[in-house]
Amino acid sequence: MNERDKPTTFDASLLLDGEDRILEGNRDAEVFLEKPLEEVRKATLQTANPQLHAALKELLAKTRRGRGVEDYAMAYKVGKRLMRLNINMSPYPLEALGATGTLVTISSVGMRPMPERRAPKEEELPAPEETLGLPQLLGIMPEPAFILDLDANFTYANPAMCAVLGHEEEELVGRPLSFFMRREDARKALDTLVEAARSAPWRGELEFNRSDGGISFVAVTIDALKAGRGKVKRLLGIGRDFTSEARIRREREDELQRVWSLLEKVGLALACFTPDFRITLLSQSAEEVLATSSDRAIGTPLPDLFPDESRKEVASLLEKAVAGDEIRDVVVHVGRKKKRRAFFMSVKPAVVTGGAAREYMAILREAAHQLSEMEEAEALLKVSRRKEKIMELGLHTVGSREFVESCLRDLQEELGCAAAALFTIVRSTALLRAQIGLEDGEAKALADLRLRPGHARLCGMLVKLQVEIHGGVPRRGWDEVHSLIERADVLLPILRERRWRGITVFPLRREGRAIGAIALADCDQVKMEMVEDMAFTAVGEAVASVLAALEERDAGSHPAGGEGGHQAGASAAAALAAEEGGEPSPPQKASAEGDAGGETNDPGGDMEGGAAIPTAPMKEKEHDYFEIAKELKGEESPPDNLALFTEPVIERSMPSPKGIDLVALLKDIKEYYGRVERKKEIFLEIEDDLPKLHTDKRMLRETLLQLIDNARKFSPPDAPVILGAERWGDEVLLRVEDQGSGIPAEAVREILGWGLGEEDSGGRGKVPRGGLYLCRKYVAAMGGDLSIKGKPGEGTTAFVRLRVLPFIGEMP
């Protein structure tokens, strides 16, 4: 081998700007540019070397789209030498120009030398009659033809084959076929090709890289050439250039892929099937609708993918379609039980040959995101019947206790629950009114449960609360229970002893306010899935209305002597306490004594002279500072000053020993609001690698809920609320940002309880002092800081800053 034929390694680098002008390059780049770098600097690559630009044009366009190119192999001819190149491209920021360029790196193992000619051995010579005149015969053929050795190297290529590849014959001979092939998987298939061609002719399509950067397609048949004694010495390939047809086919495939992608984006569920209902094609949307995958569905009868109650109906529709009938927008149901959905189904011929349909397509289009009108009417009818049944039950019962117990028995029978209890809310305390299925000790533990401040807000948003229990340990939904009940841990012994699988709680709501709740333990899951949420809401409203009516009736049976409606309410409470066998509360005792004293001032009773004194309707008491202070402190009478707002923190923080996962907590809060109300979305902006926070999880959760409620209340209907978290040194900063009208700086002090005013100037009206003051108290108990910033017209942002306190067990 001559010295000039030895392989040479090149590592060329070129820096191009956004318009493919050459900015810089190394000396090896001059080999591919075929010009000195000084002559082509600031010139476009196409002007400097049109052949190199044609080879790299597609790769440069791909890099400009931000994708980049890694280890792209291609054949390229420099002068009369053919080289195999490895190309890498990546976007390169040009800060001085304020643009983004392209860094091109070209590596090559060097110029491949011409194969050394050697004289064949005598035993390798083929029989004269087999090869005599074969090159001359192939040379005059208009179709591409070539001869390979058993290592798939070119030993001959006719002019048509050289024209297809864009190389001279001397550049092909001695080089492997894989050197010119385009796809890596095609190169790997060459070993299989040689083995297959030894025994039988191999037919296939080959894709080649041309020297000018183009692509050629050849449909080829490769067969064995046998020499003397029947040994295979060469492989003969004869093909046809179908580059134009392949390009058209690829364009059609791309177009079909584009149309298919559009169908997927539209969400059209499409299933193709044969006349015997066997599935041949299934779109991704159809996979989601039918809850299956294409691999499992292909070859399966289409009706088998539908639920049992819809299977016969779908099979009947397909039979009609195959018979020639038009099937258009027929309602079918997919899914089971509560996940059941209604779809419009249309069936049309997809592939028609010789006037006969060989394949059909079924299109599923969702009828509505909610129940159909008929199903909704049926659900409303069931709800009306439930309410009517409860009303009739109230008419036929003597007292409220009998009514409550009858309601619980009906619910136990309908839902198959193991235990049930009904509570009423009196002065931030949930009193047990009736129960079935509980033991005496369990009922005593649940007799009165103290509720946390802010329970009215949570109960007002609650439709149905489900607590999942695994092995006596509550899981999902237990955080909401902690947010409602102060000492929720008293329930844990009961849960561990009973081993219930879950608890369902729904409120008793009257005139938009929760006056109690019903708790059902260990209900039958199948029966629960058949009951809609609106049914629980209707039952709660009906029970609350009847219960209030019965209490008013009981109160009317005892003459009231006090001042107006207050005395009547006290009499009702006293009657209720007497019916339950307990002692009336002190205010109730006072009312009872007033009734017995004879001095009555009942505006509804008969006075001397037979005339009733009309009274003006009582004005609804406004929400002020003293009511908030009374609710937070639990005092019977409001103080004569506002010292409450300057008292030290009385809440005690209970740090989480394992630490709080902030990401999981914020996602859980977003999911919670997604369940209770979907009108205003919550966006999360969470920094990566947030530390665990060792503080009171309940206080932190309640603080964020209060701030989010405030932001949602004063934001426009469609404006989102942003909940963010980031780390600042040894602190974590949480923020709740709204898109409302904003508040001035002087109103911030009043909102946090530092001022004495009741109105802000931001157009918001009454300021909800109770919730925000509670936030400030909780944040102070956790050792943090609460601040609010806002400007009129720019929204308001609340910041909660907490220190990242290491847990004692983690300290060195």
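Is Glu245 buried, exposed or partly exposed, and what is its relative accessibility? At 41% relative accessibility, Glu245 counts as partly exposed, where buried means under 20% relative accessible area, exposed over 50% and partly exposed in between, computed with a 1.4 Å probe on protein chains only.

The views below come from a predicted model, in which local features need pLDDT of at least 70 and side-chain atom pairs count only at pLDDT 80 or more, while totals for chains, interfaces and linings use all residues. Residues are numbered from 1 along each chain as its sequence is written, and side-chain values use heavy atoms, with hydrogens and water left out.

**View 1. The salt bridge between Arg240 and Glu245.** The closest N and O atoms of this pair are 3.6 Å apart, which satisfies the rule for a salt bridge (a side-chain nitrogen of Lys or Arg within 4 Å of a carboxyl oxygen of Asp or Glu). Arg240 is partly exposed, with a relative accessible area of 39%. By this rule the model holds 27 salt bridges.

**View 2. Asp308 and Arg311 in helix H14.** The side chains of these two residues meet in a salt bridge, at 3.1 Å from N to O. Both belong to H14 (residues 308-322), where they are three residues apart, about one turn of the helix; helices (H or I, at least four residues) and strands (E, at least two) are DSSP runs numbered from the N terminus. Asp308 counts as exposed, at 53% relative accessibility, whereas Arg311, at 28%, counts as partly exposed.

**View 3. A five-stranded open sheet and the helix that lies across strands of it.** The strands follow the order E12-E11-E15-E14-E13, with antiparallel pairing, two strands being paired if DSSP finds at least two bridges between them. Strand E12 (279-282) and strand E13 (327-334) stand at the edges, each with a single partner strand, so one side of each is left without a neighbour in the sheet. From one strand to the next the twist averages 30 degrees. Within the sheet, strand E11 (residues 269-273) and strand E15 (residues 356-366) pair in the antiparallel sense over five bridges, and the bridge partner of Ala271 in E15 is Ala362. H14 lies across E11, E13, strand E14 (341-353) and E15, and runs at about 160 degrees to E13; axes are lines fitted to C-alpha atoms, for helices over the stretch in contact (heavy atoms within 4.5 Å), and angles run from 0 to 180 degrees between N-to-C directions.

**View 4. A network of salt bridges that includes Glu726 and Arg735.** Glu685, Glu726, Arg735 and Glu737 are linked in this network, and for the pair Glu726 and Arg735 the closest N and O atoms are 3.6 Å apart. Glu726 is partly exposed, with a relative accessible area of 24%, while Arg735 counts as buried at 13% relative accessibility.

**View 5. The largest nonpolar core, with Trp500 and Leu700.** This core has 69 residues, and those with the most contacts inside it are Trp500 and Leu700; a nonpolar core is a set of buried Ala, Val, Leu, Ile, Met, Phe, Trp, Tyr and Cys residues joined through side-chain atoms within 4.5 Å. Helix H27 (residues 697-713) gives the most to this core, with seven residues. Not counting residues up to four places away in sequence, Trp500 touches several residues, including Leu438, Ile469 and Asp522.
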